[in-house]
Amino acid sequence: MRDPRARILSVVGGLTATFALSVGIHSARADELADLRANQELLQRRIDQLAQGANIPAGGAPAAPAGGPQVGMTMAGGSFPRSFLIPGTDTSLRVGGFVDLTMLYFLSGGTGPIGNYSTNAGNNGAVQGLPLDIHGQTVPGGGTVAVNLNHSKGNGVFEWSPQQSKLTVETRTPTAYGEARTVFEFDWSGCSAFSGQPSANFSCSSSIIGGGNSILPRLRFAYGTLGGLLVGQANSLMNDPDADAETLEFGNVVGSGGRVRIPQVRYTVTGPWGSSFAVSAESATTDTAYPFGFAGSDTVVSSLPGGPGTNAAPAFCNSVACSPAGGGGVAATNASKSPAPDLNYALYFSQPWGHVDLSGVVRDLEVNDGRFISRNYLGYGGQFSGHVITPWFGWEKDVITWHAVAGTAAGNYMNGGASTWVSLATNFTVPTTCATPIPGCGTGVGAAFSNQAASNVLIHPVTAWGGNVGYQHWWAPNLRSNVAFGIAHQDVSTNLIGPSQDIVVNKELVTAFVNLVWNPVPFITTGVEYFWGHRQVVANLKGDENVIVAKFRVTF
């Protein structure tokens, strides 16, 4: 078979000769001959480039030239969609993402000026801190609850933000040990009131307060793989995004399992019947509900005087009244500790009709005040999730999705944030000074004030459960609707956390949405959604939200 480079040279050479002859017949001026020589040189350089670019074997993968990158080498398609081969290497690179503007209009339940700028009305978002409908209710031990003004002014609140915009960089390289892959992904949801930033941080504010919408980038994923090994920050093994319903806001419905964006080490093996099995060791936190607020094992309570984990002196010292009142000058203490990573597993089956995923977690939790309290607890949880394509009634693309999750001391593996779903509940507030009540062991004098004894401290693992279901229907090849419902519940003892936290700690969240999503062209997504959320705290006070969501997204 004739060399393709020879064919290229013959064709271009013939065209060049014909052109030269024609010029010679019609004009013999020296400047035209000079132009002809310049054109010939340009054609020759292009022939060399084409010849190098044609060095592609029958398999379709561009061959790496000897001696590294070459001048004039053309870029070839990469090993996965929308990627290209880096010249001189066998590494494929893709840079992608999207620009997104999402609007939320709270018909009711808006946070107004007391919350951070957000496009998340659902899970791990606004629903977890909805203003409560308080109108004279009483809480045992706490008296009449003050009227919540945020609930009264939460109607008609408008927000929009580009924080969901995303940038992704991915590489893939073949090796003798399997494919090596790297992923970096960022969005612009980096503002957090609990990240040690000052309360006047303009990145949390609107353009009116900050003088410009200076939101911050946030690292979502940063991991590398080699064959079945993954190391870095990725979603938890107990998280199954393939079973999520499609929503336009940032959070989705409650009731799914797993955590997102967690540092970990994971190994995956493939099996028969489209199966894969994976295990991982993931970054841990002992998330605990205290009478003074929530604190995880990485929460520095003394740095948060106005937020969860406040270090204000409590009224009760380990469930016994402090003396003098106010704790006798003893500040509340965070005793949460994480002695080991969380161990996760997942068994995943992929089939033409959909998929199912069986996953779980085992955790080692510890409460340790550095004195007389050192207690360990076993946390565990499991999830069953999946999706099924429904070709019934001729609807070939319609899909049903679901999650069902439950556990004891599973905490934020309920996938709603550690500040909402807790692993442990305790009456512990101040460091212990003795094992059992004895005179002088406490903030007062005498046996009556033995309020810092370790035997007074009670710690209970928290049981939680949740689930959701979604349905997607395609009206046309570029037009679809989604409807979903989710619920999540946890049992936290009011006798442990006390009346001040009864009106803060969530007992149950319920969410639902329905939307219409349109792709006018394949890389543009727009749509409108109605989202409803319901919040109930341990004291059985309730709050609701009704939200209209709209989106415009351009993918690149």
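Which backbone nitrogen does the side chain of asparagine 427 reach at 2.7 Å? In this predicted model, the side chain of asparagine 427 reaches the backbone nitrogen of leucine 458, and asparagine 427 itself is found in the loop between strand 21 (424–426) and strand 22 (459–461). Asparagine 427 has a relative accessible area of 2%, and because buried means under 20%, asparagine 427 counts as buried. The points below follow the pairing of strands, the salt bridges and a nonpolar patch on the surface.

**Strand 27 and its partners**

- Strand 2 (residues 92–108) and strand 27 (residues 542–555) run antiparallel and are joined by ten bridges.
- Within the pairing of strand 2 with strand 27, methionine 103 stands opposite alanine 550, a residue of strand 27.
- Strand 27 also runs antiparallel to strand 26 (residues 524–537), and here 13 bridges join the two strands.
- Along strand 26 and strand 27, threonine 525 stands opposite arginine 553, the latter being in strand 27.
- Strand 26 and strand 27 form a hairpin with four residues between the strands, and asparagine 540 in this hairpin takes a positive phi near 65°.

**Strand 6 and its partners**

- Strand 2, which pairs with strand 27, also pairs with strand 6 in the antiparallel sense, over seven bridges.
- In the pairing of strand 2 with strand 6, arginine 94 stands opposite glutamate 170, which belongs to strand 6.
- Strand 6 is joined to strand 7 as well, by eight bridges, and these two strands run antiparallel.
- Where strand 6 meets strand 7, leucine 167 stands opposite phenylalanine 186 in strand 7.
- Six residues lie between strand 6 and strand 7, which form a hairpin, and glycine 178 in the turn has a positive phi of about 110°.

**Salt bridges**

- The count of salt bridges in the model comes to 14.
- One of them is formed by lysine 551 with aspartate 100, whose closest N and O atoms are 2.8 Å apart.
- Since lysine 551 lies in strand 27 and aspartate 100 in strand 2, this pair ties together parts that are 451 residues apart in sequence.
- Both partners of this salt bridge count as buried, because the relative accessibility is 6% for lysine 551 and 1% for aspartate 100, while buried means under 20%.
- A further salt bridge is the one in which the side chains of arginine 181 and glutamate 170 meet, at 2.7 Å from N to O.
- Arginine 181 is in strand 7 (residues 180–187) and glutamate 170 in strand 6 (residues 166–173), eleven residues apart.
- What is the state of each partner, buried or partly exposed? Arginine 181 is partly exposed, with a relative accessible area of 25%, whereas glutamate 170 is buried, with a relative accessible area of 4%.
- The side chains of glutamate 246 and arginine 480 also meet in a salt bridge, with 2.8 Å from N to O.
- Glutamate 246 lies in the loop between strand 9 and strand 10, and arginine 480 lies in strand 24 (residues 479–491), so this pair ties together parts that are 234 residues apart in sequence.
- Glutamate 246 is partly exposed, with a relative accessible area of 25%, whereas arginine 480 is buried, with a relative accessible area of 8%.
- Salt bridges also link residues into a network, which is made up of Lys166, Glu185, Asp187, Arg218 and Arg220.

**A nonpolar patch on the surface**

- Which residues form the nonpolar patch on the surface? The patch is formed by Tyr177, Leu226, Leu229, Val231, Val265, Tyr267, Val269, Phe277, Val279 and Tyr345, which together have about 920 Å² of accessible area.
- Strand 9 (229–234), strand 10 (262–270) and strand 11 (275–282) each supply at least two residues of this patch.
- Strand 10 gives the largest share of the nonpolar patch, namely three residues.
- Valine 269, one of the residues in the patch, is found in strand 10.
- Valine 269 has a relative accessible area of 40%, and because partly exposed covers the range between under 20% and over 50%, valine 269 counts as partly exposed.

Definitions and conventions
Residues are numbered from 1 along each chain as its sequence is written. This is a predicted model: local features need pLDDT of at least 70, side-chain atom pairs count only at pLDDT 80 or more; totals for chains, interfaces and linings use all residues. Side-chain values use heavy atoms; hydrogens and water are left out. Buried means under 20% relative accessible area, exposed over 50%, partly exposed in between (1.4 Å probe, protein chains only). A polar contact is a pair of N or O atoms within 3.5 Å; within protein, one must be able to donate a hydrogen and the other to accept it, and residues adjacent in sequence count only if both atoms are side-chain atoms. Two strands pair if DSSP finds at least two bridges between them. Patches are made of residues with over 30% relative accessible area and no salt bridge: like charges are joined within 9 Å, nonpolar side chains (Val, Leu, Ile, Met, Phe, Trp, Tyr) within 5 Å. Accessible areas come from the Shrake-Rupley method with a 1.4 Å probe; for residues, only the protein chains shown count as cover. A salt bridge is a side-chain nitrogen of Lys or Arg within 4 Å of a carboxyl oxygen of Asp or Glu.
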